[in-house]
Amino acid sequence: MAKSLRSKWKRKMRAEKRKKNAPKELARLKTVLTNGGGDVLMEEVKEIATVVAPEKLIEKTDTETNVAEGCKMDTDNKRNKKSLLDQHGQYPVWMNPRQRKKLKRQRIKGKGKSKPSKGLQW
């Protein structure tokens with residue numbers, strides 16, 4: 001489920017909030033660990049949590065998308081554009097049963113017709 005516009009917006013805003021609050025949370029975690037726990041070393045905390053500036057994240061995702069654009073995935077290449085069937089005769093996951101039934105009727109209707117040959121028939 002969770003595909004409505006409202007839930008997408010809420011997920012997006014939660015992600016923005018996480019980005020905004022990440023440095024504060026890390027600073028708070030470091031102060032708590034330095035004050036309270038003498039057992040835990042800061043080197044271990046540095047290995048676990050790292051703060052990255054948002055600009056670097058944006059640059060990193062841009063380079064990843066450029067690499068992804070170069071190589072094309074062949075997952076959906078063998079799908080008929082008219083009937084939307086793949087090579088195994090399956091419809092896409094997103095298609096509802098009503099649409100499937102409609103396309104099937106069109107396919108069967110098209111098979112039954114035979115074109116008369118051109119020219120004289122005796």
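Which side chain meets that of Lys19 in a salt bridge?

## The salt bridge in helix H1

In this predicted model, the side chain of Lys19 meets that of Glu16 in a salt bridge, with a distance of 3.8 Å from N to O. By the rule applied here, the count of salt bridges comes to one. Side chains of opposite charge can pair when their charged atoms come close.

The placing of the two partners fits this pairing, because Lys19 and Glu16 are three residues apart in helix H1 and are thus separated by about one helical turn. An α-helix has 3.6 residues a turn, so residues three or four places apart point the same way. Lys19 counts as partly exposed, at 49% relative accessibility, and Glu16 likewise counts as partly exposed, at 39%.

## The positive surface patch

Lys3, Arg6, Lys8, Lys10, Arg11, Arg14 and Arg18 together form a positive patch on the surface. One of these residues, Lys8, has its place in helix H1, which covers residues 5–36. Lys8 is partly exposed, with a relative accessible area of 43%, and because a patch takes residues with over 30% relative accessible area, this value is in keeping with the membership of Lys8.

## Helix H4

Helix H4, made up of the 16 residues 97–112, should span 22 Å at 1.5 Å a residue, and the 23 Å between its end C-alpha atoms agrees with that expectation. Of the 16 residues of H4, the number buried is one, and therefore the helix lies largely in the open.

Conventions: Residues numbered from 1 in each chain as written. Predicted model: local features only at pLDDT ≥ 70, side-chain atom pairs only at ≥ 80, totals over all residues. Heavy atoms only, no water. Patch = residues over 30% accessible without salt bridge, like charges linked within 9 Å, V, L, I, M, F, W, Y side chains within 5 Å. Areas by Shrake-Rupley, 256 points an atom, 1.4 Å probe, with all protein chains shown as cover. Salt bridge = Lys/Arg side-chain N within 4 Å of Asp/Glu carboxyl O. Lys, Arg positive; Asp, Glu negative; His and termini not counted. Charge placed at Lys NZ, Arg CZ, Asp CG, Glu CD. Helix = DSSP H or I, 4+ residues; strand = E, 2+ residues; numbered from the N terminus. Buried < 20%, exposed > 50% of the residue type's maximum accessible area, 1.4 Å probe, protein only. Expected span 1.5 Å × (residues − 1).
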